[in-house]
Amino acid sequence: MSLGASGGASLSSSPSSRIHVLGAGAVGLLLAAHLRQSGRPITLLLRSQSAVDRFRRNSSCISVVNDWIKAHPTRKLFLASDPGAGLAPWKAADVQAEAPSSTESSEKPMISRLILATKAQDTLHAYWSVKERLCSQSTVVLLQNGMGVYEAIQREFYPSPQQYQKELSTDIPTFIIGTNSHGCLRSQDKDEEFVTHHTAFGGCQFAVRPSLLNPPPPLPESALDMLTTLSSQALDVSITNWSDLHHRLLLKLAANAAINPVTALTDCRNGYLAPPPPDTDSQCADQDYYRSMHSYLSSACAEISAIYARAHPHLHNELTARAIEDYVTHIAQTTARNRSSMLQDVAAGRQTEVEWINGYLVRLGQQHGVPTPVNTLLYTLVKLKEASCHHKKY
């Protein structure tokens, strides 16, 4: 994808630097707060006008609590120049808010820079709510768990890009795909609706997703600006190429697929799947349990590796069963005290992202003729768990 000025539909003669954030969950609020603190104008796109009113009564502020410093006091060096580096909550003030559905899209200005940080299962509807405010000069950052969201957006809103090349060239925005390893939680307390707890310091990686149009259009100014802005945030952000990020996303998908369903079904933290520490007394450890867990992880990772070998043969030597199992085990160990997002969703009676994690792997396996008994079972059990939680509500 070449760099340069783009043609197509115009946002305005002087495009705004305002960044819209759709998805005011823990991750969306964390990014919005840091972007606002760095001086960028921010607009939160909230679910309803009543949510907008509550945000305004909250002084139009986002609060961040740096809980991660309690466990890693030396990490203060990362935020040495940041006034919000202490344990006390810090606030990002003067944040605007609006509800996408409050007025007709034609009455609202175009969106030049959008961060879409909704749950994967909510992303298509969220994108639909702002689609008419996007054009070829817009840039959309997708930040979801799982995989397949970008492809779903293309199928739903921009079908047959080659057939309708001229028509779509003014409609399709540039997409930046991101992945996040920061730990974030939102309190269930109604008084903390716009407070995010930064529980673990990780990192973020972003890359431009290659366009489906041929030839690809040049990157708009908004994309170059977003990449520069994101890379300057105090969140250990790196900008990479799509090939490298795709490899990381496949590894992260494997970890989510192996860890999240088991934690959601057993109501346990991630460490439930981790092997015992090296200094654990063998007499105290439940050897049968660890053998069973190792057997499960080996089977799950071998299945995922087989899927990847068919779907992404150029990565076959890097995404071996052993490499995937080592990565999954590392994630289970380093996030041992974490409650996975799938476990949190099940506990709250919400729909999970399993459709975009294990469901994605099942569909990818079917597409390439690879049996997926482990992922099919995990997918089915989580869907049954969702249905059970929904049934208990009524």
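Helix 1, residues 26-37, lies across strand 3, strand 4, strand 9 and strand 10. Its direction is at about 105° to strand 9. This is a predicted model, and that helix is a good place to enter it.

Look next at the strands under discussion. They form an open sheet of four strands, in the order 4-3-10-9. The pairing in this sheet is mixed. Strand 4 (90-92) and strand 9 are the edge strands, each pairing on one side only. From one strand to the next, the twist averages 30°.

Now take the pairings one at a time. Strand 3 covers residues 62-65, and strand 10 covers residues 195-200. These two run in the parallel sense and share three bridges. One residue pair to find here is Val-64 with its bridge partner Thr-196 in strand 10.

On to strand 9, residues 183-186. Strand 9 pairs with strand 10 in the antiparallel sense, over four bridges. Gly-183 has Ala-200 of strand 10 as its bridge partner. Cys-184 stands opposite His-198, also in strand 10. Strand 10 thus appears in both pairings: parallel with strand 3, antiparallel with strand 9.

Leave the sheet and go to a pair of helices. Helix 9 spans residues 287-311, and helix 12 spans residues 358-367. Their axes come within 9 Å and cross at roughly 50°. Because of that angle, helix 9 is oblique to helix 12. The crossing is left-handed.

Which residues of the two helices make the contact? Helix 9 supplies Ile-304, Ile-307, Tyr-308 and Ala-311. Helix 12 supplies Leu-361, Leu-364 and Gly-365. By class, six residues of this contact are nonpolar, one is polar and none is charged.

Is helix 12 mostly covered or mostly open? Mostly covered: seven of its 10 residues are buried. The buried residues include Leu-361, Leu-364 and Gly-365, which are also the helix 12 residues in the contact with helix 9. Asn-358, Gly-359, Tyr-360 and Val-362 are buried as well. Just after helix 12 comes Gly-369, with a positive phi of about 70°.

Finally, step back to the whole protein. Its secondary structure comes to 13 helices and 12 strands. Of its 394 residues, 50% count as buried. Consider the contacts between residues at least 6 apart in sequence: 76% of them join residues at least 24 apart. The parallel partners Val-64 and Thr-196 give a concrete pair to locate in the sequence.

Terms used: Residues are numbered from 1 along each chain as its sequence is written. This is a predicted model: local features need pLDDT of at least 70, side-chain atom pairs count only at pLDDT 80 or more; totals for chains, interfaces and linings use all residues. Side-chain values use heavy atoms; hydrogens and water are left out. Two strands pair if DSSP finds at least two bridges between them. Axes are lines fitted to C-alpha atoms, for helices over the stretch in contact, and angles run from 0 to 180 degrees between N-to-C directions. Angles under 35 degrees count as roughly parallel, over 145 as roughly antiparallel, 65 to 115 as roughly perpendicular and the rest as oblique. A crossing is left-handed if the near helix is turned anticlockwise from the far one by less than a right angle, and right-handed if clockwise. Contact means heavy atoms within 4.5 Å. Ala, Val, Leu, Ile, Met, Phe, Trp, Tyr, Cys and Pro count as nonpolar, Asp, Glu, Lys and Arg as charged, and the others, Gly among them, as polar. Buried means under 20% relative accessible area, exposed over 50%, partly exposed in between (1.4 Å probe, protein chains only).
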